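Biologist: Please choose one part of this model for a close look, and then walk me from there through the rest of the fold.

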Amino acid sequence: MSKFTVLNHPLIQHKLTIIRNKNTGTKVFREVANEIGELMVYEITRDLPLKDAVVETPMGLDSHDTARLLTETNDDKDLVGLGMVDGVLELIPAAKVGHIGMYRDEQTLKPHEYFVKLPSDIDQRELFIVDPMLATGGSANMAIDALKKRGAKHMRLVVLVAAPEGLNGTEVKDILNAGDAAKQEEKITDSGYIFPGLGDAGDRLFGTK
């Protein structure tokens, strides 16, 4: 069963409300989605390992053993996706970014993979799959399968808005969601979109509709 974490922070909820608004244009939608991604980094990176460090402050050598630095292994992060990635990279600039391209058949609602470009050593990396929407879970599972075929073992799914079908039907064990599920119940429409959701997040991010 997946571990489902809702990041119920006032700043995240405020920004999520902005991008839910149908009158929010492409520029603002893209900027705010990335801002939410940056805010979510704090939860994503909560368990990153630290190492002891000795530093000399302007007042002298730190002798209280309180200095800590991120370990070099934290460069071994990989982000998969497009929406929100810029915001995440603001705080994890050394992360490598992989891409899995998919489109959805509007008749069958099934995802189709057309492009995969990933670092060659993803079997040694912790992967953050970043995607604005988790509706039925079909695209997420296809991305997860594509990563597993290439040796990936450690994956987390990071989304803005999720519907129960996606949460219950996704193979990855750790899901972080910006949406406030306790107050805003998301549902799947007959056309496969999340209601009330954000609309088509891809089209709104890139101005393609």
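**A hairpin and its surroundings**

Modeller: Let's begin at the hairpin of β7 and β8, where 6 residues lie between the strands and leucine 109 takes a positive phi near 65°. Helices (H or I, at least four residues) and strands (E, at least two) are DSSP runs numbered from the N terminus. This is a predicted model, in which local features need pLDDT of at least 70 and side-chain atom pairs count only at pLDDT 80 or more, while totals for chains, interfaces and linings use all residues. Residues are numbered from 1 along each chain as its sequence is written, and side-chain values use heavy atoms, with hydrogens and water left out.

The strands of this hairpin, β7 (residues 96-104) and β8 (residues 111-117), pair in the antiparallel sense over 6 bridges; pairing requires that DSSP finds at least two bridges between two strands. Within the pair, tyrosine 103 sits opposite histidine 112 in β8. Leucine 109 belongs to the loop between β7 and β8, and its positive phi occurs in a residue other than glycine. Because its relative accessibility is 26%, leucine 109 counts as partly exposed (buried is under 20% relative accessible area, exposed over 50%, partly exposed in between, with a 1.4 Å probe and protein chains only).

Now let's step back. The protein has 6 helices and 13 strands, and 43% of its 209 residues count as buried. Contact means heavy atoms within 4.5 Å; of the contacts with a separation of 6 or more, 62% are between residues 24 or more positions apart.

Helix α2 is a good next stop. Its 19 residues should span 27 Å at 1.5 Å a residue, and the end C-alpha atoms are 26 Å apart, so the two values agree (the expected span is 1.5 Å times one less than the number of residues). The buried residues of α2 include Phe29, Val32, Ile36, Met40 and Ile44, and their cover includes α1, α3 (85-91), β9, β10, β11 and α6.

One polar residue of α2 deserves a look: asparagine 34 counts as buried because its relative accessibility is 16%. Setting aside residues up to four places away in sequence, asparagine 34 touches Met84, Val85, Asp86 and Gly87. A polar atom of its side chain lies 3.4 Å from the backbone nitrogen of aspartate 86.

What about the nonpolar side? A nonpolar core is a set of buried Ala, Val, Leu, Ile, Met, Phe, Trp, Tyr and Cys residues joined through side-chain atoms within 4.5 Å. The largest one here has 26 residues, and those with the most contacts inside it are Leu16, Ile19, Ile36, Met40, Leu160, Val161 and Leu198. At least two residues of this core come from each of α1 (10-20), α2 (26-44), β9 (126-134), β10 (154-162) and α6 (201-206), and α2 gives the most, with 6 residues. Apart from this core lies another, of 19 residues, including Ile122, Ile129, Ala146 and Ala152. Isoleucine 36 touches Ile12, Lys15, Leu16, Ile19, Leu160 and Ala178, not counting residues up to four places away in sequence.

Strand β11 (residues 174-177) has Asp174 and Leu176 pointing one way and Ile175 and Asn177 the other, and all are buried. Strand β1 (residues 3-6) pairs with β11 in the parallel sense over 4 bridges, with lysine 3 opposite aspartate 174. β10 and β11 also pair in the parallel sense, over 3 bridges, and here leucine 157 stands opposite isoleucine 175. From β10 the chain crosses through helix α5 (residues 164-169) to β11, and this β-α-β crossover is right-handed: with the strands pointing away from the viewer, the path from the first strand over the helix to the second runs clockwise.

Helix α4 (residues 138-149) has 12 residues and reaches 17 Å from its first C-alpha to its last, close to the 16 Å expected. Ala140, Asn141, Ala143, Ile144, Ala146 and Leu147 are its buried residues, and asparagine 141 counts as buried because its relative accessibility is 14%. A polar atom of the asparagine 141 side chain lies 2.8 Å from the backbone oxygen of glycine 169. After α4 comes glycine 151, with a positive phi near 100°.

Last comes the loop between β13 (194-195) and α6, which holds proline 196: the peptide bond from phenylalanine 195 to proline 196 is cis, with omega near 0°.

Terms used: A polar contact is a pair of N or O atoms within 3.5 Å; within protein, one must be able to donate a hydrogen and the other to accept it, and residues adjacent in sequence count only if both atoms are side-chain atoms.
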